[in-house]
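Morning, everyone. I have one structure to show, and I will go through the overall figures, then one helix, then the core and a few side-chain details. Please have the sequence and the model open.

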Amino acid sequence: MASAVFRNGRQHWRQISKLAAVAGPTGLPSNVAVRHFASQAGSASGSSGTKWFIGLVGLTGGVWAAEKYGYLGKVLGLPPRASKDGAATKLDYKAIREDIASLLDAEDYDDGSYGPVLVRLAWHSSGTYSKADGTGGSNGATMRFRPEAEHSANAGLHIARELLEPIKKKYPGISYSDLWTLAGCVAVEEMGGPQINWKPGRSDKIDDKACPEDGRLPDGVKGAPHVRDIFYRMGFNDQEIVALSGACWLHLPACAVHCSKSG
């Protein structure tokens, strides 16, 4: 960080030096406008105008650096700023994991756990991915929008999305894309599965233009050729298809009891 600050500051100072060189010892040329304050005499010297100009440029650079490296947000009490790749600059993922885990047990929901439906949310938001053109997938969280939310395969997933809303409000810096996939990983781990090396960095789309068309998720009743087509589109082989398809058994209690909660 120090080297970046020094490098940006040096470039900024070079620009100021060029302006000072143009101004010369007698101030800025007549074709460069300098604003004088009302308290200044109309005959203010050019060198005074140059000082004000350089001071303003320096102040602007200082505010830019404070915002870029997070100091301005701390002073103003702003939420964490998301980086270009979607990852929040500072988030306590351990705390987010713990908060997700605290939501799982629910005696009045299906078999007593929201774990399976959170895994299904993560899977269905990811399973639309196409390796050929890079569309679909978890990056974007496009199931927030009606076209994808109303796909028949996504029936009942509003329960999982609504369940996670309080966590999104508590940690506004996390994207929905990251929250949904992380929730699926936490659910697997809390239900006795392996530790998953989850990483943040996904970003959310702002409208439904990126929603994938319906039919990108597997439908078991259509047979092996269909299932292979779906998973091959994502870049998986037969062995990986078998492993991933096994996760469907997690949600079978809901399928058997509440058809409206399963797609």
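A residue is called buried here when its relative accessible area is under 20%, exposed when over 50%, and partly exposed in between. With that cut-off, buried residues make up 36% of the 263 residues in the protein. Keep in mind that this is a predicted model.

The overall figures, then. The protein has 11 helices and zero strands, so the string of elements from the N terminus is just α-α-α-α-α-α-α-α-α-α-α. Take the contacts between residues at least 6 apart in sequence: 64% of them join residues at least 24 apart. About 15900 Å² of the protein is exposed, and carbon and sulfur atoms supply 58% of that area.

Next, helix 5. This helix covers residues 115–126, which is 12 residues. From first C-alpha to last, helix 5 reaches 17 Å, close to the 16 Å expected at 1.5 Å a residue. How many of its residues are buried? The count is 10 of 12, so helix 5 is mostly covered. The buried ones are G115, P116, V117, L118, V119, R120, L121, A122, H124 and S125. And what covers them? The cover includes helix 4 (93–101), helix 6 (146–149), helix 7 (158–170) and helix 8 (176–190).

That leads to the nonpolar core. The largest one has 32 residues, and the members touching the most other members are I96, I100, L118 and L164. Helix 4, helix 5, helix 7 and helix 8 each supply at least two residues of this core. Helix 8 gives the largest share, eight residues. To look at one member, leave aside the neighbours of L164 within four places in sequence: L164 is then in contact with L103, L118, L121, L179, W180 and A183. There is also a second, separate core of five residues, and V227, I230, F231 and M234 are among them.

On to the rings. A search of the whole structure finds five aromatic pairs. In one of these, Y109 and Y114 are stacked, with 4.4 Å centre to centre and 25° between the planes. Are these two tyrosines buried or exposed? Y109 has 6% relative accessibility and therefore counts as buried. Y114 has 16%, so Y114 counts as buried as well. Elsewhere, W123, F231 and F236 form one aromatic cluster; F231 is the residue already named in the second core. There is also a charge over a ring: the charged end of K168 sits over the ring of Y176, 4.9 Å from the ring centre.

Last, two backbone angles. Most residues other than glycine have a negative phi. Which residues here have a positive value instead? One is D110, with phi near 45°. D110 is placed in the loop between helix 4 and helix 5, and counts as partly exposed because its relative accessibility is 26%. Another is A141, with phi near 50°. A141 lies in the loop between helix 5 and helix 6. At 1% relative accessibility, A141 counts as buried.

If you want somewhere to start in the viewer, take L118: this residue is buried in helix 5, belongs to the largest nonpolar core, and is in contact with L164. That is what I have.

Definitions and conventions:
Residues numbered from 1 in each chain as written. Predicted model: local features only at pLDDT ≥ 70, side-chain atom pairs only at ≥ 80, totals over all residues. Heavy atoms only, no water. Helix = DSSP H or I, 4+ residues; strand = E, 2+ residues; numbered from the N terminus. Expected span 1.5 Å × (residues − 1). Buried < 20%, exposed > 50% of the residue type's maximum accessible area, 1.4 Å probe, protein only. Contact = heavy atoms within 4.5 Å. Core = buried A, V, L, I, M, F, W, Y, C linked by side-chain atoms within 4.5 Å. Phe/Tyr/Trp six-rings, centres within 6.5 Å; stacked < 30°, edge-to-face > 60°. Lys NZ or Arg CZ within 6 Å of the ring centre and 35° of its normal. Areas by Shrake-Rupley, 256 points an atom, 1.4 Å probe, with all protein chains shown as cover.
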